[in-house]
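Visitor: I'd like to learn how to read a fold like this one. Can we go through it feature by feature?

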Amino acid sequence: MSNPTFRQGPIGFEVESKVEQFRLVTVNENGKVEHASADGAVFGAVTEKRDAENHASSNQVAVHYGVAAVKIEVDGDAAAIKAGDPVFAAADGKAAATGTIQVGVAARDGADTRVLTVLNGLPHSGA
């Protein structure tokens with residue numbers, strides 16, 4: 001009998017290109033992560049930025065998925081998302097108050113440019 005590789009917590013992935021912090025990401029055909037789209041697959045969220053072209057730092061980034069609370073940058077007015085509201089995937093790995101792919105629920109009212117989101121139902125394979 002083999003043991004599972006991961007039990008819970010973030011999984012490290014290489015980045016395909018520049019990935020900004022507080023963004024939703026997808027795993028591409030190369031097994032690397034990049035910003036997710038509003039209507040495609042969403043694997044999880046990143047809380048740090050990485051750039052595949054920056055050879056001074058690691059190419060690996062921790063991807064949070066499943067039941068985890070992370071801040072996600074909002075496309076539009078973050079204050080429009082209130083605690084308990086659904087949070088959806090938006091373009092360029094950002095979040096929105098409406099959309100096609102629900103990625104979680106707001107744990108707190110959105111403020112500034114971000115909303116603390118409890119991820120649920122991730123990974124999501126797309127529309």
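Guide: Sure, and let's begin with what pairing means: two strands pair if DSSP finds at least two bridges between them. Keep in mind that this is a predicted model. By that rule β9 and β10 are partners, joined antiparallel by three bridges. One facing couple there is A106 and T117, the latter in β10.

Visitor: What holds paired strands of a sheet together in general?

Guide: Backbone hydrogen bonds do, and the strands may run parallel or antiparallel.

Visitor: In what order do the five strands of the open sheet come here?

Guide: Reading across, the order is β6-β10-β9-β7-β8, with antiparallel pairing. The edges are β6 (68-73) and β8 (95-96), each of which pairs on one side only. Inside that order, β6 meets β10 (residues 114-119) through six antiparallel bridges. I72 sits across from V115 in β10. Further along, β7 (residues 86-89) and β9 (residues 102-106) run antiparallel and share three bridges. There, V87 faces G104 in β9.

Visitor: And how many helices and strands does the protein chain have?

Guide: The count is zero helices and ten strands. So if you walk from the N terminus, the element string is just β-β-β-β-β-β-β-β-β-β.

Visitor: How do I read the two faces of a strand?

Guide: In a regular strand, side chains alternate between the two faces of the sheet. Strand β1 (residues 11-14) shows a covered face with I11 and F13, while G12 and E14 make up the uncovered one. β1 is also antiparallel to β5 (residues 60-64), with four bridges between them. I11 has V63 as its bridge partner in β5.

Visitor: Is A45 buried or exposed?

Guide: A45 has a relative accessible area of 0%, and anything under 20% counts as buried, so A45 is buried. A45 belongs to strand β4 (residues 44-46). Beyond its neighbours within four places in sequence, A45 touches several residues, including L24, V63, I72 and L119. Y65 is 20 residues away from A45 in sequence, yet the C-alpha to C-alpha distance is 6.6 Å.

Visitor: What should I look for in the loops?

Guide: Check the sign of phi: most residues other than glycine have a negative one. D92, in the loop between β7 and β8, goes the other way, with phi near 60°. D92 is partly exposed, at 42% relative accessibility. D112 also has a positive phi, near 55°, and belongs to the loop between β9 and β10. With a relative accessible area of 75%, D112 is exposed.

Visitor: Which radius of gyration does the protein chain have, and what would a compact globule have?

Guide: The protein chain has 14 Å, which agrees with the value near 14 Å for a compact globule of 127 residues. The C-alpha atoms fit a box of roughly 40 × 40 × 25 Å along the principal axes. Of the 127 residues, 39% count as buried. As for contacts with a separation of 6 or more, 52% come from residues 24 or more positions apart.

Visitor: What about the surface and the charges?

Guide: The accessible surface is about 6800 Å², and carbon and sulfur atoms own 47% of that. On the charge side, the chain carries 11 positive and 16 negative side chains. The centres of those two sets are 7 Å apart.

Conventions:
Residues numbered from 1 in each chain as written. Predicted model: local features only at pLDDT ≥ 70, side-chain atom pairs only at ≥ 80, totals over all residues. Heavy atoms only, no water. Helix = DSSP H or I, 4+ residues; strand = E, 2+ residues; numbered from the N terminus. Buried < 20%, exposed > 50% of the residue type's maximum accessible area, 1.4 Å probe, protein only. Rg over C-alpha atoms; globule rule 2.2 N^0.38 Å. Contact = heavy atoms within 4.5 Å. Areas by Shrake-Rupley, 256 points an atom, 1.4 Å probe, with all protein chains shown as cover. Lys, Arg positive; Asp, Glu negative; His and termini not counted. Charge placed at Lys NZ, Arg CZ, Asp CG, Glu CD.
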